[in-house]
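Start with the ligand, then follow the chain outwards to a handful of single residues. Keep the structure open while you read.

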Amino acid sequence: MSDPVPPRAEIVVDLAAVRHNVRVLKDVVAGAAPVQLMVVVKADGYGHGMVEVAAAARAAGADWLGVATIDEALALRAAGDRGPLLCWLSAPGDDFAAAVAADVEVTAYSEEELEEIAAVGGARVQLKVDTGLSRGGAPRRLWHDLFAVASDLEREGRITVTGIWSHLAASDEPDHPANDAQEEAFRDALALAASAGLEPGVRHLANSAAAVLRPSARFDLVRCGIAAYGLDPAPGASPPLGLRPAMTVRARLVMSKEIAAGDGVSYGHTWRADEDTTVGLVPAGYGEGVPRAAGNTAEAWVDGVRRPIRGRVCMDQLVVDLGGELPPPGTEVVLFGPGDLGEPTAQDWAEAVDTINYEIVTRIGGRLSRRHVDSDVTPGGHAR
Ligand SMILES: *Cc1c(COP(=O)(O)O)cnc(C)c1O
């Protein structure tokens, strides 16, 4: 079989890794009480491809899918997804009627939003309470009124309240006092909701980090994003779970050449060779979502060896130090991947540029092509 011309630079996503991670998460949360697993696929599946990841997650047993926007939820329905699906970040003018018609559960943060949703008729609504993140959701002083209105609307048959939920501020720091405080506040909210006559089917608080680190926060359901993609939800605090990073970003070297001691590399000459060396040109830059801050800090893997990025990352390209070697054009470069071959991981890149692994995978894209492989079917397919 003749290989097609390999792409200049691409994202490869291993759906077998996603399925593996979803099964790991299901095992982690399966305790004495049944806990449902929602896999969060917002923001194009954290850069991995929403529709493909969603199908893999369902295949591996995800009970729910979660997204931020109604548009994301409708795109999943258009792609054929039929299972329980929640969205949670509406903006004025959003089409609740389309969501309800597509059997998407929506989230209300306020009385006004609840009235707007109820006007559609027949909506399945979850209520979000702010327990201390001070982001979305009803603030504590409005919980009573929100629950009273929701209860009235439900009695009138205009909505069904299917869930009550909240979101943690510091779940990746298990000893942070906000965790206890928010969990206690959430229990208060649930008690208040019960006294208003609400009987939500799912009560949920935990994201990936809390699902893994805080059994008391699991309630009826956990909402896992980052861990489903195989990235560590709480670097330094997570127990070993055997998650497998699903994303590899790879490219083909465009050229390699010799430079002399004292030569400056890339814009501004922020790096100069202190001895004669060789450098290689990689056709990916901040136009592909490679962080510009990776200049002089991150590494890329070139033909089996980790090589430092030298000088500034440009819009379309970056330069690596090849340490005197001159690999030919077309040589494989991996910016980050699962780490199995010694290549850097998204976590390594996050540390190099002082961000979180979420941002590394979610922002990568631009002109990169993306393909999905299944290493259960084609072993090693992602590293070809
Ligand atoms: C994105 C998101 C999640 C997933 O968080 P992870 O840390 O990726 O597991 C869960 N819940 C809400 C409300 C979110 O916005």
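Helices and strands here are DSSP runs, numbered from the N terminus; a helix has at least four residues and a strand at least two. With that naming, G132 falls in the loop between β6 and α7 (143-155). The model is predicted.

Take the ligand first. The space it occupies is the largest pocket. Its shell holds 13 residues, and the closest are K42, Y46, S208, R223 and Y358. By class, the shell divides into seven nonpolar, four polar and two charged residues. Two elements, α2 (42-46) and β9 (221-224), each supply at least two residues of this shell.

Now look at the polar atoms around the ligand. K42 places a polar side-chain atom 2.6 Å from a ligand oxygen atom. For Y46, an N or O atom of the side chain is 2.6 Å from an oxygen atom of the ligand. For Y358, the corresponding distance from a side-chain N or O atom to a ligand oxygen atom is 2.5 Å. The ligand has 390 Å² of accessible area on its own, and the protein covers 94% of that area.

Stay with helix α2 for a moment. A43 lies in this helix. Is A43 buried or exposed? Neither label applies: its relative accessibility is 37%, so A43 counts as partly exposed. Its C-alpha atom is 8.2 Å from that of E72, and the two residues are 29 apart in sequence.

Next, move to the loop that leads into β9. D220 sits there, between α9 (208-213) and β9. Its relative accessibility is 16%, so D220 counts as buried, the limit being under 20%. A polar atom of the D220 side chain lies 2.8 Å from the backbone nitrogen of R203.

Strand β6 (residues 123-128) holds another residue to inspect, Q126. Which side chains does Q126 reach through polar contacts? One is the side chain of E105, at 3.0 Å. Another is the side chain of H204, at 2.7 Å. Q126 has a relative accessible area of 0% and is therefore buried.

Follow β6 into the loop after it, back to G132. This residue has 45% relative accessibility, so it counts as partly exposed. The C-alpha atoms of G132 and A209 are separated by 17 Å, with their positions 77 residues apart along the chain as the sequence separation.

Backbone angles come next. Two aspartates deserve a look. D103 has a positive phi of about 60°, although it is not a glycine. The residue is placed in the loop between α5 (96-101) and β5 (106-108). Its relative accessible area is 46%, so D103 is partly exposed. D303 also has a positive phi without being a glycine, here of about 50°. Its loop runs between β15 (299-302) and β16 (305-310). D303 is exposed, because its relative accessible area of 54% is over the 50% limit.

A further aspartate, D274, lies in the loop between β13 (271-272) and β14 (277-282). How far apart in space are D274 and A261? Their C-alpha atoms are 5.0 Å apart, with 13 residues of separation in sequence. D274 has 71% relative accessibility and so counts as exposed.

Finish with A30. Its place is in the loop between α1 (15-29) and β2 (36-40). The relative accessible area of A30 is 54%, so this residue is exposed. D94 is 64 residues from A30 along the chain, and their C-alpha atoms are separated by 36 Å.

Now return to the ligand with these positions in mind. Helix α2, which holds A43, is one of the elements that supply at least two residues of the shell. Strand β9 is another such element, and the loop before this strand carries D220.

Key: Residues are numbered from 1 along each chain as its sequence is written. This is a predicted model: local features need pLDDT of at least 70, side-chain atom pairs count only at pLDDT 80 or more; totals for chains, interfaces and linings use all residues. Side-chain values use heavy atoms; hydrogens and water are left out. A residue is near a molecule or strand if one of its heavy atoms lies within 4 Å of it. A polar contact is a pair of N or O atoms within 3.5 Å; within protein, one must be able to donate a hydrogen and the other to accept it, and residues adjacent in sequence count only if both atoms are side-chain atoms. Accessible areas come from the Shrake-Rupley method with a 1.4 Å probe; for residues, only the protein chains shown count as cover. On a 1 Å grid over the protein atoms alone, a cavity is a set of points where a 1.4 Å probe fits but cannot get out, and a pocket is an open set with protein on both sides within 12 Å along at least five of seven lines; lining residues have an atom within 4 Å of a point. A molecule sits in a cavity or pocket if more than half of its atoms lie within 2 Å of its grid points. Ala, Val, Leu, Ile, Met, Phe, Trp, Tyr, Cys and Pro count as nonpolar, Asp, Glu, Lys and Arg as charged, and the others, Gly among them, as polar. Buried means under 20% relative accessible area, exposed over 50%, partly exposed in between (1.4 Å probe, protein chains only).
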